[in-house]
Structure formats: C-alpha cells, structure tokens
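Student: I am new to this structure and would like a close look at one part of it. Please keep to that part at the start, and then place it in the rest of the model.

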Amino acid sequence: MDGWKTEGALDAARLGAELGDRATLVQFSSAFCQPCRATRRTLAEVAAMVEGVAHVEIDAEANLELVRGLRISRTPTVLVLDAAGRIVRRAAGQPRTADVVSALGQAM
C-alpha cells in the first residue's frame with residue numbers, strides 16, 4: 001500500500017451501508033480496476049476472520065461527491081474506520097492482508 005494516512009469520520013448514511021460493530025473497511029473501486037478485484041477479496045477475507053468488522057465497497061464513479069469530499073484520487077483506496085466511523089487509516093493501492101490486519105489493530 002502506498003502509505004497509510006489518517007483523517008475525518010463517516011457514518012452509515014454517507015456510506016450507504018451499516019458500519020461494523022468494531023471497525024469498517026471501506027473500499028473505493030471502479031469498474032475496470034483490476035487491483036480492485038483482488039482488494040475486494042482481501043478485505044472480504046479479513047472481515048470474515050475478524051468478528052465485528054464490516055467490508056463496504058463503494059463505486060467511486062457513482063459517488064463522486066463522496067470521492068471528492070474524501071480526496072480519493074485513485075482506486076482502489078481503502079479507509080479503515082473505527083466503531084464510531086472515524087477514519088483511522090487510509091491507503092491507495094492493493095493492500096496486503098498483513099497490512100489490513102495491522103491497520104484494523106489500530107482501529108479497534
């Protein structure tokens with residue numbers, strides 16, 4: 001991943017999906033993005049392994065206002081939210097499972 005950053009907060013209304021009880025992995029994707037498919041698999045696997053973690057995938061092209069507001073410049077971009085929806089980690093590019101698990105550790 002290109003380096004994690006921290007900032008801001010989100011809620012279920014802005015995401016269009018419920019947050020996880022402990023943390024949420026938010027993935028911004030686009031239709032023709034090959035790394036997005038692998039990222040989807042990685043995040044889904046981690047969410048299935050860790051109780052209380054949700055994975056939400058957002059179509060960047062269909063949610064331009066949110067993309068602009070969060071300064072998403074490429075796909076995939078992954079945000080790690082804590083239980084309150086605060087963004088605790090952020091990265092662009094295809095993540096490794098170990099990086100996602102480590103970022104979740106900071107969120108919970």
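With which residue does Asp82 form a salt bridge, and how far apart are the closest N and O atoms?

Tutor: The model is predicted. In it, the salt-bridge partner of Asp82 is Arg86, and 2.9 Å separates the closest N and O atoms of the two. The pair qualifies because a salt bridge needs a side-chain nitrogen of Lys or Arg within 4 Å of a carboxyl oxygen of Asp or Glu. Side chains of opposite charge can pair when their charged atoms come close.

The two partners do not fall in one accessibility class. Asp82 has a relative accessibility of 8% and counts as buried, since buried means under 20%. Arg86, at 47%, counts as partly exposed.

The count of salt bridges comes to 3. Another of them joins Arg96 to Asp99, again with 2.9 Å between the closest N and O atoms. Here the arginine is exposed, with a relative accessible area of 54%, while Asp99 is buried at 19%. Arg40 and Glu57 also form a salt bridge, and their closest N and O atoms are 2.6 Å apart. This pair links distant parts of the chain: Arg40 is in helix H2 (residues 34-49) and Glu57 is in strand S2 (residues 53-59), 17 residues apart. Both ends are partly exposed, Arg40 with a relative accessible area of 35% and Glu57 with 33%.

Turning to charge over the whole protein, there are 13 positive and 13 negative charges, and their mean positions lie 7 Å apart.

Helix H2, where Arg40 sits, is a useful place to go on from. Thr39 belongs to this helix too, and it is buried, with a relative accessible area of 0%. Leaving aside residues up to four places away in sequence, Thr39 touches Gln27, Pro76, Val78, Gly93, Gln94 and Pro95. Pro35 is another residue of H2; at 34% relative accessibility it counts as partly exposed. With the same neighbours in sequence left out, Pro35 touches Pro76 and Gln94. Pro35 can also be placed against Arg74: the two are 39 residues apart in sequence, and their C-alpha atoms are 11 Å apart.

Ala47 is likewise in H2, and its 15% relative accessibility makes it buried. Its contacts, again without residues up to four places away, are Leu25, Val53, Ala54 and His55. Ala47 and Leu104 are 57 residues apart along the chain, and 9.8 Å separates their C-alpha atoms.

Pro76 appears among the contacts of Thr39 and among those of Pro35. Pro76 lies in the loop between helix H3 (64-69) and strand S3 (77-82). A cis peptide bond joins Thr75 to Pro76, with omega about -5 degrees. The loop between H3 and S3 also holds Arg71. Arg71 has a phi near 55 degrees, which is positive although the residue is not glycine. Most residues other than glycine have a negative phi, and most peptide bonds are trans. Arg71 is exposed, with a relative accessible area of 57%.

These parts belong to a protein with 4 helices and 4 strands. From the N terminus on, the order of the elements is α-β-α-β-α-β-β-α. Residues 24 or more positions apart supply 73% of the contacts in the protein that have a separation of 6 or more.

As for overall size, the C-alpha atoms fill a box of roughly 30 × 25 × 20 Å along the principal axes. The radius of gyration is 12 Å, which agrees with the value near 13 Å for a compact globule of 108 residues. Of those 108 residues, 47% count as buried. The protein exposes about 5,600 Å², of which carbon and sulfur atoms supply 47%.

To return to your question, Asp82 pairs with Arg86, and the aspartate of that pair is buried, whereas the arginine is partly exposed.

Conventions. Residues numbered from 1 in each chain as written. Predicted model: local features only at pLDDT ≥ 70, side-chain atom pairs only at ≥ 80, totals over all residues. Heavy atoms only, no water. Helix = DSSP H or I, 4+ residues; strand = E, 2+ residues; numbered from the N terminus. Rg over C-alpha atoms; globule rule 2.2 N^0.38 Å. Buried < 20%, exposed > 50% of the residue type's maximum accessible area, 1.4 Å probe, protein only. Contact = heavy atoms within 4.5 Å. Areas by Shrake-Rupley, 256 points an atom, 1.4 Å probe, with all protein chains shown as cover. Lys, Arg positive; Asp, Glu negative; His and termini not counted. Charge placed at Lys NZ, Arg CZ, Asp CG, Glu CD.
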